[in-house]
Structures are given as structure tokens and as C-alpha cells.
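Reader: Please take me through one part of this structure closely. I would like to see how its charged side chains pair up, and what lies around them.

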Amino acid sequence: MRSLSAVYLRLVVLVLAFEVLLSAVIGLGIYAGFSVFPYAQAAGQTPGINATVPMYMPTLTDLKASYTFFEAGPAQWGALSILASIALVVLQSFVRGMYLGGIKAHIQGRRVSLVACGRRYFGVLFGFACLQIAAGLLAMLFAMMFFLFGFLAMAAMLAFALAPYLAVLQELPLGEAIARSPRILRRYVGEWLPLAVGALMCTVVISFFRGLPEPWSYPVPLVVYVVVGTLLIAGLMRSLDVRLRAEGEAVPPLLLPEKKERRIAVYGWAALVPALVAAGVFVSSGKHLNALDFGGKERLAGMAYGTNFSDAFYASDRQFTTYWWASGEWRIAMRLPDLSTGDGPKELRGIADIRWSVDELVNTRVGTGTTIEMRPVQRESKLMYQLVRDTASDGTPVYSSMNGGQVILMPGKASPIQPFSFHLAVSGDGRDISLLQYQRGMDEQLLFRMSEDGRYILPGTSTSNPQNVKVYWFSDEHRTEDVFALMEARNRINLMPKTARAYMTLAAALQQGDGRMVADLLQMLRQQGVTVTAPERDAAEWSAELKRLYAHASLGEVLLYIAKAGEQDAYVPEEQPGGDAKRRVYRIEVPFPGGPIPLEYEETEDGLLIAIKVG
């Protein structure tokens, strides 16, 4: 019994070590921009129940379980991906040789070196792995042409599934093992059916462990599946060995020298299990990538703005976007090269340290009870990023996570109520860094829009949950004129509203200090036949006058005022005397630090704007 435990313990440790190494390599690939095939999508987890039969060696891939706690982007192609994939296939073949050879040695009552087993069976198992990959690619190709062809190709692959077991047990070359596999499988498939059904039932139960909270969703299914899968594979090989011998077929002994193992070595193998579990949790969370995150980082302070339903948005038939604004103790630290010359690298990679606000559920004790409410909580997090050099509309270079880049939130203390996606942009001079955060599944084409100079991210307002869109804007120095520049850039891509209720859009433009938009709105109203009474100013003069009203305010005060443009009920009309049965006169005030600007307008009974007075 002690011998049995020692053998299984060594096999379990062997598989755990390979899976932990694979997790580390997949995480490194996400960071460095390469994929490991056929594990390209192994950073994601397939939801739902999964049933499978372990073959050759149990792996998390069988369970459709995740090798990492963070999401991978699309598969990366290139020379590095090919080299990494070949290296993993070579290593996997060697480890499979150690694994299956170790099971054979135990069946025959031998104690041998697992490394020696790996060397002995590497060639045949590497050849079979290459055939598996080629057959899998052909099955995919056939399935693309006609589904039935793909199904037949997969059935043919299943017919040769016993080849590695036969090659190990009977010391056969690969070709002969493949030739004999269909006959053996056809002969004993009925006897092995209960074993297969038991394997399916076990993996169904184990697949539920994938739903455990982090970090348990990685080690629990891994350890349980490796232990159970090893028992199932050993049971299949023992059954195959018995039936081959019963038919008088040759099952040669494993011609490797005996290896003596002291009892203390068994304790060493046992100690490796919790050590590998801890290492697996460590690398699956990406913490091993912190070793690559060295060197000085540029630290920038931040503010935030975002979209929501506002008066201007509704008044413009959902065409005019305005923002709420907020200041806080937000900051980011990134390692950036010197971008001041405009001749930067083709891409930026690294790990950014960010302090931000995360909406989380917070339990609060009230008397003898507990209330649960959503609150923004300050968190320190890490973002893994790959930014690709691009060109803004005016020819200025900009780095962004669109068009081949990615931004990944690494596991940490932050626990957002709902999953979010991210995009990151760095201006060509490195002075401005913008992080777009939005609810997963929203239209990123609407949200990720850059200003003409590539300095600002300017999201549009979604008609569904716009409050879940936020931009953290980090800069070496936030200035009031930069805030005005951002709003003017947003208004350049805003669609011109309809005449009805255009006074709300005009109020927002005044609040934002955007003289060009004010002048354009007044001109549009005149062209639509609305009587406009306003000072005779061009766009530049309007801008100068509006900014004069902000002249003595601090940046924090400016943000409080311009945020009103992104609110609902910020401008409440008050009915004025002078109206009659066919028209109504209203007044709203747009507040400024230097004094309000009144707007008076006249509407018909059916809401048609007929006159407006500014000032």
C-alpha cells in the first residue's frame, strides 16, 4: 500500500508541476505578446457543466478550466508563438512519457526513474502529439467545409486513441500502435464503457469546482482532477494490460534499472503538493510577472469624467454628449520611454500601478442588523497593458490598446460588482494618460473615440447604462484650459441638436465654456427661424467671455460648475410673465463663478421654440 501511495504521489506531483509551469508560461505569453497553442484560449474559462474522459495525462484543458485569473486577448501569431508552442509540445511529450511509463512500471511492480521513462517514450509520444495536432487542424478545416466531414475526422481520431497506451505497454513503434488501436478499441469498448461513464460523472462533479471564488477556483479542480484522472488512466492501462496478456499478446517488461527510494523521499514528494498548489495560485494570478516590472515609473495624478443621462442629452434626441466631472486621490504609475521627441517605439508593454475607485458591495452594521449597499471604494490595482503606436487625426502619434493592444486588470483586492472592460491611451508626448472603463458588452466603437490630437478619450453616451462608463484622465499637470480643450474636442464630434429644446443644449455649451459651440447653436437657431437676441460675438469672443467668468475659480471649482452640464435637472425652467394662451415664456440661469448667464425663451403650446434671449 505504501508503494502504491508513493507511485501515485510522484505522478500527481509530476502533473501538478507541468500544469503550474504551463500557467506561468501562459501568463508570460499574455504579458509578452505570444500564445501557446493548443492552449491559446486557456486563459479563459468555458462556463457551464463539462464532462470528459482524461486521456494520456489529466490537464485543466480537459475541464475547460482557466489557467489564469485574468482574461487573455485574441490569440497572438508570430515566430515567438510558434517557438513557445513547439517547446511546450516537446516538454509535454516528455512529461507524458514519464507519466505513462511510471504507470506501466507500477503495473509491473517496478520502481524506476520517471526521467528514464520520459527519455524512453519521448519519441513515440512526440510523434503522436504531432499527428494529433495535424489531425485536429484537418478536422477544423473539414468542419468549415461541411460539418459531417469534421465529425467523421474526429471519429477517426478517436479510433486511434489507444495508440500511446499500446506503444508504452507493448513497446511498439508509433505506426504499429496506431494500426492496432482500432481493433483493440472495437474489441473491448463494451467492457470499458462503465469506466468511461464513471469518468464522465466524475468530471461533471469536478467541473462544478470551477465556480469556486478566487483563488480556490484554480487549485481545487486541478488537484481533484489530477488525482481522480490518474486513478482512471491507471485503471484503463491496468485493464488493457490484463486483456492483452489474456489474449497471449506480448507485454514486454520495462527494461530500466530499479531505483531505490528512501522513505524520507516520499515525505519530500508529499511536501511538494502544497508547495505546487501555492505556486499555482501565485502564477495563475500573474504575480510572477511582477519580476518583469522593474525600473522607474512616471507617476501622474488623475481626475475622472464620464457619461450619464443629462438634460442636454434628452433635449437633443440623445445626440449631444456631456460629462460629469470629479476629482479625487487617483493616480497612475507607468514606465514610459522618452516620448518628447515624437519618435517612440512601436508599442508599449508593462504593468501599471493605479489607484482608482471601484463600486463594491459594502456591508454596514446598523443596530442589530446589516445593510448592503453599493459604494465607491478606493483600491490599489495593477493593469497589464499592451499599447500599439497609432496616428491621431491631425498626424500626432498616440499609443492605445485598440487595433491589436489590450488592457487586463490583474487579480487583486478590487472586486467590482459587475465585470468591466478597459482601454488605455497615452498621448504621443507621454503627458496625458487616459483609462476608459466601461461595462463589458457595451459598444466600444461608441465609447473609444479619441480627440483629433490624440490627447483625450471622448466616449459617447450609450442609451443603456451610460453611468457605467468612466474615464480616468492622468496628466503631469491638470490645467483649467486643458479641461476646456477636452470639452471643446468632445463638442466637435457631437451632433447638432434639433431646434426643439435647443436651449438646454445651449445652456450646456455655455457651461462648458465652448464659444464655438455657442456660436454655432445660435446660428443654427437663426437659420431655423427662431428669434435670437444675443450679444454680437464670434466663436473666439464667446470663448473669451465664458472663460472670463471662470477666471478666478480654482480647478476644483471649475469642475463643479462644468459638471452641471452632465446632470439632470441642473437647469430648471421658471415660467415668466408675458406669455399668453398660445405661447409661454421661461427663464433658466446658467451659473458661473463670475455670475450667472440668464436664458429666456418662448415656446408655443406644442413645444416649438420661437424665441430665445441670451444674457
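Author: What follows is a walk through the salt bridges and their surroundings. The model is a predicted one.

Start with Lys382 and Asp353. Their side chains meet in a salt bridge, 2.6 Å from N to O. Lys382 lies in strand β4 (residues 369-391) and Asp353 in strand β3, so the pair ties together parts that are 29 residues apart in sequence. Lys382 is partly exposed, with a relative accessible area of 28%. Asp353 is partly exposed too, at 22%.

Lys382 has another neighbour. Asp293 touches Lys382, and also Arg335 and Ile351, leaving aside residues up to four places away in sequence. Asp293 sits in the loop between α8 (263-284) and β1 (298-306). Is Asp293 buried or exposed? Its relative accessible area is 15%, so Asp293 is buried, the limit being under 20%. The side chain of Asp293 also makes a polar contact of 2.6 Å with the side chain of Lys297.

Strand β3 spans residues 347-366 and also holds Leu361. Leu361 has 55% relative accessibility and therefore counts as exposed, since the cut-off is over 50%. Leu361 joins Ile372, Met374 and Ile417 in a nonpolar surface patch of about 420 Å².

Now move along the chain to Arg431. Arg431 forms a salt bridge with Asp476, and their closest N and O atoms are 3.0 Å apart. Arg431 lies in the loop between β7 (420-427) and β8 (432-439), and Asp476 in the loop between β9 (469-475) and α11 (480-493), so this pair ties together parts that are 45 residues apart in sequence. The two partners differ in cover: Arg431 is buried at 17% relative accessible area, whereas Asp476 is partly exposed at 48%.

Which residues share a network of salt bridges with Arg431 and Asp476? They are Asp432, Arg455, Arg479, Glu481 and Asp482.

One more pair deserves a look. Arg583 forms a salt bridge with Asp580, with the closest N and O atoms 3.4 Å apart. Arg583 is partly exposed, with a relative accessible area of 25%. Asp580 is partly exposed as well, at 37% relative accessibility. The count for the model comes to 28 salt bridges.

Definitions and conventions
Residues numbered from 1 in each chain as written. Predicted model: local features only at pLDDT ≥ 70, side-chain atom pairs only at ≥ 80, totals over all residues. Heavy atoms only, no water. Helix = DSSP H or I, 4+ residues; strand = E, 2+ residues; numbered from the N terminus. Buried < 20%, exposed > 50% of the residue type's maximum accessible area, 1.4 Å probe, protein only. Polar contact = N/O pair within 3.5 Å; in protein donor to acceptor, adjacent residues only side chain to side chain. Contact = heavy atoms within 4.5 Å. Patch = residues over 30% accessible without salt bridge, like charges linked within 9 Å, V, L, I, M, F, W, Y side chains within 5 Å. Areas by Shrake-Rupley, 256 points an atom, 1.4 Å probe, with all protein chains shown as cover. Salt bridge = Lys/Arg side-chain N within 4 Å of Asp/Glu carboxyl O.
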